[in-house]
Amino acid sequence: LTLSSGTINGAGTLTLDGTGNTWTGGTMSGTGSTVVSGANTLTISGTGAKYFTQRTLTTNGLVSWTGGTIYAGGGGVFNNNGTFDVQTNTSWQNYYGGNPTTINNAGSITRTVGTGTAGLDMAILNGAGSVDVQTGTLRLSNSLSTGFTGTLTGPITVQSGATLEFSGATYNVNTGATYSGAGATTVTGSIVNFGIAPTFGSLSVSSGTL
């Protein structure tokens, strides 16, 4: 699949069995699903705007987000069963209003490239998969109401020089999770409830609740 403009819509399931899938612009919407099967890859790239609402996107291989804002809202689900590698200083932003995207992480979410801020802003993160912030800042749920709740039960690592920012919504870091690393944790608007004993490299709470 090469999606560069236009719209994928409808209630059906689009299954991508091949390699080299790219999303450089255009819209994924509707009540149906897009499934990237097996270990096949999806690259979200370029400066063009991407729009995501209602639809369910399920990936099992590597998703590399290297450029372009994703404009979201109106619900929608992203099931990450492989690796979602954030390599861009942009955001999963509010466009449609309403409910945020639910990101169910059963694999790994990593930030391996970039020294600025990447925001999963109009999104709620859940799951037992790992979160590994190796560089720059990964910001969660900026400006979302604390009435939206995400539950994390996998290993969370914030490496030296990197930052994980809880910026909105309510996050429960529960049994099964670990929280470690020499990097920085900031709370700038979230309610973050730890049901485990975290180890912070450094901690800053400027608003919200820890």
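Me: In this predicted model, what is the burial state of Phe78 and of Phe84?

Reply: Phe78 is buried, and Phe84 is likewise buried. The term applies because the relative accessible area of a buried residue is under 20%.

Me: Why is the pair of Phe78 and Phe84 called edge-to-face?

Reply: Two values decide the matter. The ring centres of Phe78 and Phe84 are 5.2 Å apart, and rings pair if their centres lie within 6.5 Å. The planes of the two rings stand at 85°, whereas edge-to-face requires over 60 degrees. The pair is therefore edge-to-face. By this rule the count comes to 13 aromatic pairs.

Me: Which residues form one aromatic cluster with Phe78 and Phe84?

Reply: Phe52, Trp65 and Trp92 join Phe78 and Phe84 in one aromatic cluster.

Me: What makes Trp92 stand out in the largest nonpolar core?

Reply: This core has 45 residues, and Trp92 is one of those that touch the most other members, together with Phe84, Leu120 and Leu164. Strand E18, residues 123-126, gives the most to this core, with 3 residues. In soluble globular proteins, nonpolar side chains tend to be buried together.

Me: Which residues are in contact with Trp92, leaving aside its neighbours within four places in sequence?

Reply: The contacts of Trp92 include the aromatic residues Phe52, Trp65, Phe78 and Phe84. Also among them are Ile70, Ala72, Thr101, Gly119, Leu120, Asp121, Met122 and Ala123.

Me: Why does Ser141 count as buried?

Reply: Ser141 has 0% relative accessibility, and buried means under 20%; Ser141 therefore counts as buried. This residue is found in the loop between strand E20 (137-140) and strand E21 (149-152). Its phi is near 60°, a positive value in a residue other than glycine. Most residues other than glycine have a negative phi.

Me: Why does Gln54 count as partly exposed?

Reply: The relative accessibility of Gln54 is 45%, and partly exposed covers the range between under 20% and over 50%. Gln54 therefore counts as partly exposed. Gln54 lies in the loop between strand E8 (50-52) and strand E9 (56-59). Although it is not a glycine, Gln54 has a positive phi of about 70°.

Me: How do you know that Leu203 can belong to a nonpolar surface patch?

Reply: Leu203 has 40% relative accessibility and counts as partly exposed; patches are made of residues with over 30%. Leu203, Val205 and Leu210 make a nonpolar surface patch of about 240 Å². Leu203 is found in strand E27, residues 202-209.

Terms used: Residues are numbered from 1 along each chain as its sequence is written. This is a predicted model: local features need pLDDT of at least 70, side-chain atom pairs count only at pLDDT 80 or more; totals for chains, interfaces and linings use all residues. Side-chain values use heavy atoms; hydrogens and water are left out. Patches are made of residues with over 30% relative accessible area and no salt bridge: like charges are joined within 9 Å, nonpolar side chains (Val, Leu, Ile, Met, Phe, Trp, Tyr) within 5 Å. Accessible areas come from the Shrake-Rupley method with a 1.4 Å probe; for residues, only the protein chains shown count as cover. A salt bridge is a side-chain nitrogen of Lys or Arg within 4 Å of a carboxyl oxygen of Asp or Glu. Helices (H or I, at least four residues) and strands (E, at least two) are DSSP runs, numbered from the N terminus. Buried means under 20% relative accessible area, exposed over 50%, partly exposed in between (1.4 Å probe, protein chains only). Rings of Phe, Tyr and Trp (its six-membered ring) pair if their centres lie within 6.5 Å; planes under 30 degrees apart count as stacked, over 60 as edge-to-face and the rest as tilted. A nonpolar core is a set of buried Ala, Val, Leu, Ile, Met, Phe, Trp, Tyr and Cys residues joined through side-chain atoms within 4.5 Å. Contact means heavy atoms within 4.5 Å.
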